[in-house]
Amino acid sequence: MPKASLWDNITDEELFIHNKLVQKYSYEYDDLSRLIESTQYDIANDCKIIESYDYNSYNNLVKLAVKNKCIQGEGKPLETKYNYTYDNSYRILENKTIATSGEYKTETFTYTADGKPESSYEITGKDSYIKRQYTYDKNNVRIQKTEVKEELSKSSDVIITYDKFGNRLEEEYFDPNGKLIYTYKFIYTYY
């Protein structure tokens, strides 16, 4: 049996429920092994969703187009396009989303001196926006995200626990009222 190389790409997947094929996925790649198209076939509803990907010369995703034929809209499939812009350090600066219906949103990003996300500003419609601000602890781990939607402000906190080696063990996320929302645990395997 030949060994799979680092550059082998999965081309097809099938999902069975109770031994019945319900979804199929297919993937196409370019000569650089970058995903350029994925198709999800919904067997039960006889429809498909096609995603097309375009990259710049630095291998950054710059365009993603999604054609959803599983949700019908005025006789045509719904199509959503995402356009991405990057800085010289390959960090995303802007994400523009445009839907067939004419809906759009634009999100811009800023970064700290050491390259961590500092803030984002998302225009979600003609008169609406969401501004997010990120706060970090002394270990440069994000501990808080503050979000302003239109004129409302809400804040969430994160408590992070480390082991004696500085590895993150647990993150606890709290809502603005101090109620625990969820806990994320990290498990390490040492060899």
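## Exercises on charged residues

Glu 122 is buried, with a relative accessible area of 6%. The exercises below use a predicted model.

**Exercise 1.** Find which residues are joined with Glu 122 into one network by salt bridges that share partners.

*Solution.* Start at Glu 122: its side chain meets that of Arg 132 in a salt bridge, 2.9 Å from N to O. This pair links distant parts of the chain, with Arg 132 in strand S10 and Glu 122 in strand S9 (residues 117–123), ten residues apart. Next, Arg 132 also meets Glu 107 in a salt bridge (3.2 Å, N to O). Glu 107 lies in strand S8 (residues 104–111) and Arg 132 in strand S10 (residues 129–136), so this pair ties together parts 25 residues apart in sequence. The full network consists of Lys 105, Glu 107, Glu 122, Arg 132, Lys 145 and Glu 147.

**Exercise 2.** Decide whether Glu 107 and Arg 132 are buried or exposed.

*Solution.* The cut-off for buried is under 20% relative accessible area. Glu 107 has 14%, so Glu 107 counts as buried. Arg 132 has 12% and therefore also counts as buried.

**Exercise 3.** Classify the two partners of the salt bridge between Glu 94 and Lys 96 by accessibility.

*Solution.* The closest N and O atoms of this pair are 4.0 Å apart. Glu 94, at 22% relative accessible area, is partly exposed. Lys 96, at 37%, is partly exposed.

**Exercise 4.** Name the strand that gives the largest share of the positive patch.

*Solution.* The patch on the surface gathers Lys 63, Lys 67, Lys 69 and Lys 81. Strand S5 (residues 61–73) supplies the largest share, three residues. Lys 69 lies in strand S5 and, at 32% relative accessibility, counts as partly exposed.

Key
Residues numbered from 1 in each chain as written. Predicted model: local features only at pLDDT ≥ 70, side-chain atom pairs only at ≥ 80, totals over all residues. Heavy atoms only, no water. Patch = residues over 30% accessible without salt bridge, like charges linked within 9 Å, V, L, I, M, F, W, Y side chains within 5 Å. Areas by Shrake-Rupley, 256 points an atom, 1.4 Å probe, with all protein chains shown as cover. Lys, Arg positive; Asp, Glu negative; His and termini not counted. Charge placed at Lys NZ, Arg CZ, Asp CG, Glu CD. Helix = DSSP H or I, 4+ residues; strand = E, 2+ residues; numbered from the N terminus. Buried < 20%, exposed > 50% of the residue type's maximum accessible area, 1.4 Å probe, protein only.
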